[in-house]
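Here are some short exercises to work through with the model open beside you. Try each task before reading its solution.

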Number of protein chains: 2
Amino acid sequence: MASSDPVYLRVVADIRRQIVDGSLPPGAPIPSRAQLTRKYGVGETAARHALRVLTSEGLIVGRVGSGHYVRARPVLLPLHRWRFHDPYAPLGSDITAQGARATWERRVERTEATPDIAQRLRLDGPAPVTRVRYVFRGDGRPVQLATSYEPADLGEPAAEENPRGLIARLAAFGVKVTEIVEQVYTRVPQPPESDVLALPTGVHVLHVERTHWAGDRPVETSDIVVPGDRFRLVYTHAVQP
Amino acid sequence: MASSDPVYLRVVADIRRQIVDGSLPPGAPIPSRAQLTRKYGVGETAARHALRVLTSEGLIVGRVGSGHYVRARPVLLPLHRWRFHDPYAPLGSDITAQGARATWERRVERTEATPDIAQRLRLDGPAPVTRVRYVFRGDGRPVQLATSYEPADLGEPAAEENPRGLIARLAAFGVKVTEIVEQVYTRVPQPPESDVLALPTGVHVLHVERTHWAGDRPVETSDIVVPGDRFRLVYTHAVQP
DNA sequence: GGCAGCGATTTGGAGCCCCAACTTTGCGAT
DNA sequence: ATCGCAAAGTTGGGGCTCCAAATCGCTGCC
């Protein structure tokens, strides 16, 4: 942190340090704009810019009329992604396990594969696919969005069916799921997501692209979107002896 | 997007929409501050605030003296986390597989377990632990940070040893790793990380907390930090018949 | 003692301005 | 035709101000 750095960064760095090393615990008040200008000898612009950066980093929250406060360490609810695949656990049991009431809705649609989805399912051209959109809620608050695509000729999922039903339905077609590949990365939430998941600005989402394979053929692909700072994806791998 | 929203959000929403729907492709120039004030009929403050928000979201980059541009869609290099465990693949082979030259450094230290680490390793009190810090590079650019902790009485890792060596070393103590549990979430990079990984502001990181279990006992825990928008973690799970 | 209401503070939106450093462009001279 | 340079445009830091809405503490009244 050279002294030639912009002054607002000096303020940001100093406050951030106090937050991460714990000398400013969650809930502690941050000096107001006016106090910061005096304390650090900076202008008001620098002071408010520093507060905005810290806010957009999710470290503090501002309450109009009151002040800025260190944000409560987000409750990192583990979401056991594995349960989603587990043929024995009911849908949403990862949420229930946290003591929250799990609910979910889904919408089944028949549509054409977009180029992106066609490529992921190794379909040639715009073949018909079944799209299922899920919203998972814990205690009524949405915690996870998922969109699943499968070739339409696999038959429609039954109304009350769990996603795991896919494996059973495929088995009826003589197709056995042998491998699941997931790609995880972060990105900025897109318009419908930030509304549905009620995301504050500055929060990124975890995007999971999952594909079920039967031999060398993909038979289902889905996108799972989770607020990245509130939930953990938990992966459990058994080590083969 | 009600009309009572702050005007800068109107600008943000409009530009963001054009970026995500592709009418502003990667590399396309964003109107300058002066142009935005004219185009949207807003003040300069609102225009620059809008650009700052979009920048902190990682959607655009500003080049001093030139302008703001839609950020090149990040090259999402898959990082096969699984390779990290694979006893047959050499360390860094996930990076090599992308056509990049993989290098890595590590620093081995003996230290006291912090309360957090002691809890993760189920140690009572501040027991001595071995801490190993890794920096992984692809073509010289850092792509991943990792910090590994294990109880000190397991013996020091050999100088050229791969992380997988842990499993072999544990076997020598009669301890067999049976399960690996990983928790994945996003967070804001902390001071040393943003420097080492050369992260622009607004980029979040993927944080992976991994613990190796031998029966019901944790024998190693590590924190892996990856720039969340540039790399994908890839998980491959074989489905048991 | 309890409570209502007023005034001081605070955030967040918005406007305008100045300046240094850098890039781009176009003009003019060779 | 090419080169160099100056002017214009652009970002990013920083400053100052005004205002609406919300909050909080304190004072004074009942």
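A residue counts as buried under 20% relative accessible area, as exposed over 50%, and as partly exposed in between. Keep in mind that this model is predicted.

**Exercise 1.** Decide whether B:T103 is buried, partly exposed or exposed, and find what it touches.

*Solution.* Start with the location: B:T103 sits in strand β5 of chain B, residues 102-112. Next, take its relative accessible area, which is 28%. Since that value falls between 20% and 50%, B:T103 is partly exposed. Finally, look for partners beyond four places in sequence: B:T103 touches B:V135, B:F136 and B:R137. For B:R137, the separation is 34 residues in sequence, while the C-alpha atoms are 5.2 Å apart.

**Exercise 2.** Work out which residues come nearest to DNA strand C, and which part of the strand faces the protein.

*Solution.* First, list the surroundings: 21 residues lie around DNA strand C, and A:R33, A:H68, B:V7, B:G43 and B:T45 come nearest. Then turn to the strand: sugar and phosphate make up 62% of its atoms that come within 4 Å of the protein. Last, sort the residues by type, which gives seven nonpolar, 10 polar and four charged.

**Exercise 3.** Find polar contacts to DNA strand C and the element that gives the largest share of the nearby surface.

*Solution.* Begin with the bases: the side chain of A:R33 has an N or O atom 2.4 Å from a base nitrogen, and that of A:R48 has one 3.1 Å from a base oxygen. Move on to the backbone of B:G65, where an N or O atom is 3.2 Å from a sugar or linking oxygen. To finish, α3(B) gives the largest share of the surface, three residues.

Key: Residues numbered from 1 in each chain as written. Chains lettered and ligands numbered in written order. Predicted model: local features only at pLDDT ≥ 70, side-chain atom pairs only at ≥ 80, totals over all residues. Heavy atoms only, no water. Near = heavy atom within 4 Å. Polar contact = N/O pair within 3.5 Å; in protein donor to acceptor, adjacent residues only side chain to side chain. Helix = DSSP H or I, 4+ residues; strand = E, 2+ residues; numbered from the N terminus. Nonpolar A, V, L, I, M, F, W, Y, C, P; charged D, E, K, R; others polar. Buried < 20%, exposed > 50% of the residue type's maximum accessible area, 1.4 Å probe, protein only. Contact = heavy atoms within 4.5 Å.
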